[in-house]
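User: I would like to learn how to read a ligand shell, a helix, a domain contact and some unusual backbone angles in a model. Could you take me through them one at a time?

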Amino acid sequence: QARQKPLIRDEKKRDSKTIARSYHLPPTTNLSTHDITGPTLHVQKGNGIYIYDDEGKEYIEGMSGLWNVSLGFSEKRLVEAATKQLNELPYYHLFSAKAHDPAIDLAEGLIKIAPWASKVFFANSGSEANDTVVKMVWYYNNALDRPKKKKIFSRIKAYHGIAVGSGSLTGIPKNHADFDLPIKNIYHTSCPHYYRYGREGESEEEYATRLAEEFEKMVVEQGGAEECAAFIAEPVLGAGGVIVPPKTYYAKMQAIVKKYDMLWIDDEVICGFGRLGDMWGAETLDIKPDILVSSKAISNAYLPLSCVMVADNVYQVLVTQSKKHGVFAHGFTGSGHPVACAVALEVLKIYEERAIVQHVKDVVPHFWEKLKTFEGHPLVGEVRGIGLIAALECVKDKATKEAFDAGLGVGAKVAEFAQTHGLIVRNLGDSIALCPPLIITEAQIDELLSRLSKALDDTLEWVKAKR
Ligand code: PMP
């Protein structure tokens, strides 16, 4: 009955919750809860690191949206760049060797900040970029007449997207169960989280060695160099819980990838563009990629954009295949969308002119000095992260690291209390992720952490009441 009557949004009486419940199928949401309660937050405006809901309440966006709005929510220069491009050439495609200034200029700009790469392919999302990578790896090995070399290795708890290929690379059970993923030729090795999976008495170094040995065993079991094609990794695992691997882990993993003549795919969708304190996570953690994937902060999320950057050794093989078989038959209607590219070009200019990466380096010591004090909180088992990305893991017992019963929803409760205190964070299970806009100041960091502290205290009281 209610659905037959159109719901008009007028100034005085709007029922946005009903409208949302009635028509919208939201992404990554518990649909049954949404059907009853509607949206958990109705966002209306943004300004700097803040967002405002439909009642005018202010929140610090402690997650930069979905780890992506690194320059904040009111960057006028990006609006102007988009508007200018919309007026000049709102769309054109790049199929069959077409070109336009925004795409070719952005490709040049990206190679300048990732000089080890030689070419850039554009897509619209991290998922599309990683699906592109899967296909590129297969295309690459077809070009080299290695038809069996198709297996790609990822990690448990990795997040690489949700499309069929990228969703298979993702190593989070919820993204697989019920969706018939992963597809074949995708394998997952262990998640490098020492706090959770390091053994009693095992040093971080020994743990890293164990993981590398385990990975090598898996590669050998799967046919070694003949069948194993690539390894994909986020420098810091993001959606899986903000996990920074042990120091020597990447050196050991890279040695194995090299030994079996595999490609290293570096998923910098979150870690790129200054998040870890350098332009790329690969610089911070000493990773030498053959293929690098970027998205999110590349356009400050104002428009969808992603890219796949390939090193020359990879590109030359793609060219060889094209010589034999003609067209590289892969591309999206929106590949290199001129408006998104124009925005991203302006992002690059802003990074340079305002020294955004240097700003991150400058505020990071303050962020970590303050954040480390949360180790003393009765709920917090581990404070982890690097640069301006972090997570606080809530545990039932700090001494034994015993986790709370997942059904209790402690992490979700922290996020909920944070919201009441004017802070947006994201709970990944019982880990509370922080990924604030990179433009955050030290005073704003203090305000963010003070709101978080209130949320943790409220949650502690709530947990006590449950006991
Ligand atoms: N890779 C990583 C590391 C990500 O964090 C994400 C998104 N959170 C993706 C890929 C997928 O990006 P998208 O949601 O744009 O498809």
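Analyst: The dialogue below takes these features in turn. This is a predicted model, in which local features need pLDDT of at least 70 and side-chain atom pairs count only at pLDDT 80 or more, while totals for chains, interfaces and linings use all residues. Residues are numbered from 1 along each chain as its sequence is written.

User: Which residues are the closest in the shell around the ligand?

Analyst: A residue is near a molecule if its C-beta atom, placed from the backbone, lies within 6 Å of it. Here 15 residues surround the ligand, and the closest are Ser125, Gly126, Ser127, Gly161 and Val269. By class, where Ala, Val, Leu, Ile, Met, Phe, Trp, Tyr, Cys and Pro count as nonpolar, Asp, Glu, Lys and Arg as charged, and the others, Gly among them, as polar, the shell holds five nonpolar, eight polar and two charged residues.

User: Which helix gives the largest share of that shell, and how should I read its length and burial?

Analyst: Helices (H or I, at least four residues) and strands (E, at least two) are DSSP runs, numbered from the N terminus. The largest share, three residues, comes from helix H6 (residues 126–143). The expected span of a helix is 1.5 Å times one less than its number of residues; for the 18 residues of H6 this gives 26 Å, which agrees with the 25 Å between its end C-alpha atoms. A residue is buried if 20 or more other C-beta atoms lie within 10 Å of its own, exposed if 12 or fewer, and partly exposed in between, with C-beta atoms placed from the backbone. In H6, 13 of the 18 residues are buried, so the helix is largely enclosed by the rest of the structure.

User: How is the protein divided into domains?

Analyst: Domain bounds come from an automatic or database domain assignment, which gives domain 1 (41–74 + 356–466) and domain 2 (76–353). Two residues are in contact if their C-beta atoms, placed from the backbone, lie within 7 Å, and the contact takes 26 residues from domain 1 and 24 residues from domain 2.

User: Which residues have unusual backbone angles?

Analyst: Lysine 296 has a positive phi of about 50 degrees although it is not a glycine, and asparagine 300 likewise has a positive phi of about 50 degrees. Lysine 296 is buried, with 28 other C-beta atoms within 10 Å, and asparagine 300 also counts as buried, with 27 C-beta neighbours inside 10 Å. Separately, the peptide bond from leucine 181 to proline 182 is cis, with omega near 5 degrees.
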